[in-house]
Amino acid sequence: MSEYTKILLEEDEMPTQWYNVVADLPAPPPPQLHPGTLQPATAEDFAALFPKALIEQEMSTQRYIDIPGEVLDVYRLWRPSPLFRARRLEKLLDTPAKIFYKYEGVSPAGSHKPNTAVPQVYYNMLEGVKKLTTETGAGQWGSSLAFACAQFGLECEIWQVAASYRAKPHRRTMMEIWGGKVHPSPSDITEFGRSLLAKDPNHPGSLGIAISEAVSEAVTSDEVRYALGSVLNHVLLHQTIIGEEALLQLAKVGETPDVLVGCTGGGSNFGGLAFPFLREKLAGNMNPVIRCVEPTACPTLTKGQYRYDFGDTAGLTPLMKMHTLGHSFIPEPIHAGGLRYHGMAPLVSHVYDLGLVEAIAIPQLECFAGAVQFARTEGIVPAPEPTHAIAAAVREALICKETGEEKVILTALCGHGHLDLASYDQFMRGEMQDLELSDEAIAEAMKDVPVLA
Ligand SMILES: *Cc1c(COP(=O)(O)O)cnc(C)c1O
């Protein structure tokens with residue numbers, strides 16, 4: 001076993017339950033609030049958007065939730081996913097540290113997002129929903145949902161931010177191959193979209209506008225619902241299959257992590273990897289440092305404030321207590337599109353507030369430099385988002401080189417970058433720049449965050 005490179009699980013070793021971290025936290029997370037009454041949101045408040053089963057999971061305090069058999073059947077197309085020991089990267093860095101990465105790029109869409117897209121579509125199908133709507137930026141979530149809808153025979157309608165609809169045609173093609181119907185947002189389908197196009201026919205769009213369009217289409221019919229790919233409790237719940245598998249895989253080689261690092265956009269791949277390890281830490285079975293890694297251009301945890309804010313730019317969602325840069329904040333166009341979100345999963349914000357996890361921000365040049373080192377040794381070209389996790393692992397491994405410590409470092413390589421080569425191209429031509437976010441820009445966007453009595 002000493003020379004292993006990848007640690008695999010048999011299909012019948014795949015975990016059959018998701019883990020709900022809420023059950024084990026020393027304090028319950030603050031409730032979501034109805035934006036009108038400011039009272040805790042009820043299941044009714046979500047009923048026009050999500051099926052009952054997902055609303056129950058959103059509010060659940062039950063420790064383990066069974067994964068339905070039909071969802072496990074689809075998971076088996078790519079799960080269990082491999083855990084790799086990055087021996088060649090370790091050698092390049094000349095570090096005594098052991099670096100492990102859980103690779104989620106083996107899914108059909110090339111990222112961790114199908115782990116939640118599949119159960120979300122399944123529960124909608126059970127409740128008679130015929131069509132799901134959603135928004136997508138670069139296209140990772142839209143393609144995952146289109147794939148999942150194809151598995152269960154639902155229609156899928158996607159509003160893709162117009163700027164990336166035009167700049168990233170290949171993701172759109174993937175969505176269409178899986179049967180998705182893709183509109184650039186703003187679109188002429190919704191009233192809101194038409195009003196924006198009337199002002200500017202070449203409107204570049206934004207995630208906030210695309211959410212508004214997808215939501216407004218979902219609430220028009222009982223057979224249509226909406227799906228979100230990150231941030232919410234039920235999304236993080238579904239992603240815990242990543243950490244549960246990684247625990248089993250590390251046990252096979254007799255290792256426990258000393259440091260766990262993960263990239264945080266909305267917080268779903270991080271929560272998915274970290275929460276099962278946090279359970280073990282709280283139970284006293286191991287003691288890893290658990291660290292979120294975000295871009296310096298969108299430093300939600302490290303520079304945002306922990307308070308109630310809207311999940312979308314238009315202010316349609318319930319108010320969530322989370323680390324936020326303000327819902328009107330528009331981040332600079334950094335290459336890790338999936339990390340450009342003004343807020344953070346309420347559960348990740350809560351465990352950060354409780355001091356159970358740490359956070360750092362890393363500039364994109366260091367991230368891409370780490371990713372190129374990684375690709376040249378380990379072979380896989382990472383998506384721009386997990387380049388942040390890799391850069392953090394490299395930082396940690398280089399500290400071990402200085403101190404001689406043989407730390408075990410664990411991270412998630414949550415997607416491959418085969419459709420993001422333009423960013424690598426820019427990096428290698430020397431045309432990429434680091435973007436710092438000024439305190440003035442943050443203060444400006446925070447002005448729009450609701451002030452609660
Ligand atoms: C969407 C996405 C992210 C960001 O979302 P999280 O909820 O923070 O995981 C990160 N990496 C990849 C590959 C993505 O597709």
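A crossing of two helices is left-handed if the near helix is turned anticlockwise from the far one by less than a right angle, and right-handed if clockwise. The model is predicted: local features need pLDDT of at least 70, side-chain atom pairs count only at pLDDT 80 or more, and totals for chains, interfaces and linings use all residues. Residues are numbered from 1 along each chain as its sequence is written, and side-chain values use heavy atoms, without hydrogens and water.

**Exercise 1.** Describe how H5 and H6 pack.

*Solution.*
- Locate the helices: H5 spans residues 114-126 and H6 spans residues 140-152. Helices are DSSP runs of H or I, at least four residues, numbered from the N terminus.
- Take the geometry: the angle is about 45° and the axes are 8 Å apart. Axes are lines fitted to C-alpha atoms over the stretch in contact, and angles run from 0 to 180 degrees between N-to-C directions.
- Classify: H5 and H6 are therefore oblique. Angles under 35 degrees count as roughly parallel, over 145 as roughly antiparallel, 65 to 115 as roughly perpendicular and the rest as oblique.
- Give the hand: H5 and H6 cross in a right-handed way.

**Exercise 2.** Find ligand oxygen partners, including Lys113.

*Solution.*
- Start with Lys113: a polar side-chain atom lies 2.6 Å from a ligand oxygen.
- Go to Ser268: a side-chain N or O atom is 2.7 Å from a ligand oxygen.
- Add Gly266: a polar backbone atom is 3.0 Å from a ligand oxygen.

**Exercise 3.** Place Glu217 and relate it to Ile189.

*Solution.*
- Glu217 sits in helix H10, residues 207-218.
- Glu217 and Ile189 are 28 residues apart in sequence, yet 8.7 Å apart from C-alpha to C-alpha.

Methods. Helix = DSSP H or I, 4+ residues; strand = E, 2+ residues; numbered from the N terminus. Polar contact = N/O pair within 3.5 Å; in protein donor to acceptor, adjacent residues only side chain to side chain.
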